[in-house]
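Me: Can you walk me through this fold? I'm new to reading structures, so keep it plain.

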Amino acid sequence: MDAVLVKQVTKAFGPGRQALAGVDLAIREGEIHGLLGPNGAGKTTLIAIMVGLTEADAGSVEIFGLDVRRELPRVQRMVNLVRGFSGVLEKVTARELLIYYALLYGAPLGRVEEVLRRTGLWARRDEEVASFSSGWRQRFFLAKGLINRPRVLFLDEPTVGLDLDAALAVRDLIRDIAREGCTILLTTHYMREAEDLCAGIDLIAGGRIVAGGSPQALKDLVRTPDLPEPTLEDVFLALTRESLEVADA
Ligand SMILES: Nc1ncnc2c1ncn2[C@@H]1O[C@H](COP(=O)(O)OP(=O)(O)O)[C@@H](O)[C@H]1O
Ligand SMILES: [Mg+2]
């Protein structure tokens, strides 16, 4: 069974403002799956629909066979969402905030210590999250993302704005989380990150999936005698620009 199955999802934010135009996507259990596309492509909107924060106009999303619209409470117990650049309350420590999230998700309080240790935050548990550097803050948000033991974790640009060391630490954590059996959907603008982490990737542009496959299969799509060794950046530029030009025509 697929962990995530998206069928023909459409969403418009008003007349002529089609954010998603019939998206199909499938993610196998245990996979780290990349969703790559330029700003405005529809990634965040699709994620919001997949976790039940926004309703699609048409189409369906299933998480482990459960329809998000019909089984929302059950689905929301199985998923969690982490974004880049999230704000945090002042004057609240990492442990206090995680206790709050544990209560919100109905997770046992023992889970707070587990996720603090899991993300390397245990030694800093009594410090205010607002005082953390962006890298430590993002670790905190991954801890929050794990609080309900999600089967699917949605990571929307989790390393945006981080310096290289912090980004590498977050990538290592993402890899560990997947190794423990959690399925992950990752959006990122860093092609190297996608290539290092993702078994499967979908490219989205203008609200449509324009190509999908392993990093290698995607490179094969744009390989030419002039470009015998394409990078994922080459793939991204060729396929997302091409599709936007077709849509404009
Ligand atoms: N709440 C909203 N109201 C109106 N338009 C929106 C809203 N959210 C997203 N959009 C529009 O939908 C499109 C897709 O946005 P988004 O999903 O944020 O893309 P991405 O995450 O790929 O950058 C954009 O054109 C954006 O302006
Ligand atoms: Mg976005």
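Me: Which residue in S8 is the bridge partner of Gly34?
Reply: Leu186 is the bridge partner of Gly34. One thing to keep in mind: this is a predicted model.

Me: OK. How do S3 and S8 pair, parallel or antiparallel?
Reply: Parallel, over 4 bridges.

Me: And what pairs with S8 through Leu155?
Reply: Leu155 has Leu186 in S8 as its bridge partner. The strands here are S7 and S8, which pair in the parallel sense over 5 bridges. The chain goes from S7 through H6 to S8, and this β-α-β crossover is right-handed.

Me: Is S8 buried or exposed?
Reply: Mostly covered: 5 of its 5 residues are buried.

Me: Which residues sit on which side?
Reply: Thr183, Leu185 and Thr187 are on one side. Ile184 and Leu186 are on the other. Both faces of S8 are covered.

Me: Why do the neighbours swap sides like that?
Reply: In a regular strand, side chains alternate between the two faces of the sheet.

Me: Zoom out. What order do the strands of the open sheet come in?
Reply: S6-S7-S8-S3-S9-S10, so to speak, reading across 6 strands with mixed pairing. The edge strands are S6 (79-83) and S10 (208-213), and each pairs on one side only. Neighbouring strands are turned by 15° against each other on average, direction ignored.

Me: What about S3 and S9, how many bridges there?
Reply: 4 bridges, in the parallel sense. S3 covers residues 32-36 and S9 covers residues 200-205. Leu36 has Leu203 in S9 as its bridge partner.

Me: Which strands does H6 touch?
Reply: H6 (residues 164-179) packs on the sheet and touches S3, S7 and S8. Its direction makes about 150° with that of S8.

Me: Where does H8 lie?
Reply: Across S9 and S10. H8 spans residues 215-222 and runs at about 110° to S10.

Me: New topic. What does S1 join up with?
Reply: S1 (residues 2-12) is joined to S4 (residues 58-63) by 5 bridges, and the two run antiparallel. Lys7 stands opposite Ser60 in S4.

Me: Then how many bridges join S4 to S5?
Reply: 2 bridges, again with the strands antiparallel. Glu62 stands opposite Asp67 in S5.

Me: Which residue in that hairpin takes a positive phi?
Reply: Phe64, with phi near 45°. The hairpin of S4 and S5 has 2 residues between the strands.

Note on methods
Residues numbered from 1 in each chain as written. Chains lettered and ligands numbered in written order. Predicted model: local features only at pLDDT ≥ 70, side-chain atom pairs only at ≥ 80, totals over all residues. Heavy atoms only, no water. Pairing = 2+ DSSP bridges. Axes fitted to C-alpha atoms, helices over the stretch in contact; angles between N-to-C directions. Contact = heavy atoms within 4.5 Å. Buried < 20%, exposed > 50% of the residue type's maximum accessible area, 1.4 Å probe, protein only. Right-handed = clockwise from strand over helix to strand, strands pointing away.
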